[in-house]
Amino acid sequence: TSYGEWIRTDAQIPLAEYDKLLTQFNPTKFDAEKIVLAAKNAGMKYITITTKHHDGFALFDSKVSDFDVMNTPFKRDIMKEMADACHKHGVKICWYYSIMDWHHPDYTPRRDWEKDRPTEGADYERYLAYMKAQLKELLTNYGEIGLLWFDGQWEGTWNDERGRDLEAYVRSLQPSIIINSRVGRGGGAYGLAGGRLGD
């Protein structure tokens, strides 16, 4: 009960075991309207919500992945419901998206304890194309997005060159969006030190 979003790596759960959780994900009491109205009534002007964390699971209808909410018993696009409710009530919807991905076969590096996921054949460029495809979905299917909060940029496969490219790509889809400093490699683990990209 003390674990959160890092449970797969902290508890060293093999991918085949973790994937079984898809059949259990069914948040039947989820109500975007109630969440957004509670936030608005509390004075909030925006909501930043996780679209995909480090485990690679997409809480939206991703056409480029089967590891998403549409392949659970819930079968509803949570991000669409949140975006629609936010647009309806005048609250900015903002996305969190992890660059790191513990599920995609082309993402490297692997965790030290992962013996069931060889890196042979992994192609990071192919992963980058996948990530851009997911970001295109998030930035073209849900109306105006106020902010894109990247995370997981501290591993050695990421660098500022890739960050600059990703920043330009995101702005080509939503020119007025705010992008946090973790889009680049600089800024340290939390993206707060000098040499940052983004806003």
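**Entry 1: helix H5**

I started with the side of helix H5 that faces inward: its buried residues pack against S1, S2, S3 and helix H6 (160-173). A reminder to myself before going on: this is a predicted model.

I listed the residues behind that packing, and found Tyr124, Tyr127, Leu128, Tyr130, Met131, Gln134, Leu135, Glu137, Leu138 and Leu139 buried in H5. Next I checked the length of H5. Its 17 residues, at 1.5 Å a residue, should span 24 Å, and the end C-alpha atoms are indeed 24 Å apart, so the two values agree.

I also looked at the start of H5. There a side-chain oxygen of aspartate 123 comes to within 3.0 Å of the backbone nitrogen of glutamate 125.

**Entry 2: the sheet**

In what order do the strands of the open sheet stand? I traced four strands in the order S1-S2-S3-S4, with parallel pairing. S1 and S4 are at the edges with a single partner strand each, so one side of each has no neighbour in the sheet. A note for my own bench notes: strands of a sheet pair through backbone hydrogen bonds, either parallel or antiparallel.

I then went through the pairs. S1 (residues 46-52) runs parallel to S2 over six bridges. I picked out two of the partners: tyrosine 46 is matched with lysine 92 in S2, and threonine 48 is matched with cysteine 94 in S2. To get from S1 to S2, the chain passes through helix H4 (residues 78-89), and this β-α-β crossover is right-handed.

On to the next pair: S2 and S3 (residues 147-151) are joined by four bridges, in the parallel sense. Here tyrosine 96 has tryptophan 149 of S3 as its bridge partner. The chain takes the path from S2 to S3 through H5 (residues 124-140), and that β-α-β crossover is right-handed.

Why do I call S2 largely enclosed by the rest of the structure? Six of the seven residues of this strand (residues 92-98) are buried, so the description fits.

**Entry 3: the cysteines**

I searched for disulfides and the structure holds zero. For cysteine 86, the nearest cysteine sulfur is that of cysteine 94, 8.1 Å away. A disulfide needs the sulfur atoms within 2.5 Å, so I left cysteine 86 and cysteine 94 unpaired.

Are these cysteines buried or exposed? I read 0% relative accessibility for cysteine 86, which counts as buried. Cysteine 94 is buried as well, with a relative accessible area of 3%.

**Entry 4: valine 170**

I moved to helix H6, where valine 170 lies. With a relative accessible area of 0%, valine 170 is buried. What does valine 170 contact, leaving aside its neighbours within four places in sequence? I noted Leu139, Leu148, Phe150, Ile177 and Ile179. I also took a C-alpha to C-alpha distance: valine 170 and lysine 136 are 7.9 Å apart in space and 34 residues apart in sequence.

**Entry 5: arginine 182**

I found arginine 182 in the segment after strand S4 (178-179). Is arginine 182 buried or exposed? Its relative accessible area is 12%, and the cut-off for buried is under 20%, so arginine 182 is buried. Its side chain has a polar contact of 2.8 Å with the side chain of aspartate 151.

**Entry 6: backbone oddities**

I kept the backbone for the end. Most residues other than glycine have a negative phi, and most peptide bonds are trans. With that in mind I wrote down three places.

- The peptide bond between threonine 108 and proline 109 is cis, with omega about 5 degrees; proline 109 is in the loop between S2 and H5.
- Glutamine 12 is not a glycine, yet has a positive phi of about 50 degrees. I located glutamine 12 in the loop between helix H1 (7-10) and helix H2 (15-18), and at 45% relative accessibility it counts as partly exposed.
- Lysine 75 is not a glycine either, and its phi is positive at about 50 degrees. Lysine 75 is in the loop between S1 and H4, and counts as exposed at 52% relative accessibility.

Definitions and conventions: Residues are numbered from 1 along each chain as its sequence is written. This is a predicted model: local features need pLDDT of at least 70, side-chain atom pairs count only at pLDDT 80 or more; totals for chains, interfaces and linings use all residues. Side-chain values use heavy atoms; hydrogens and water are left out. Buried means under 20% relative accessible area, exposed over 50%, partly exposed in between (1.4 Å probe, protein chains only). Two strands pair if DSSP finds at least two bridges between them. A crossover is right-handed if, with the strands pointing away from the viewer, the path from the first strand over the helix to the second runs clockwise. The expected span of a helix is 1.5 Å times one less than its number of residues. Contact means heavy atoms within 4.5 Å. A polar contact is a pair of N or O atoms within 3.5 Å; within protein, one must be able to donate a hydrogen and the other to accept it, and residues adjacent in sequence count only if both atoms are side-chain atoms.
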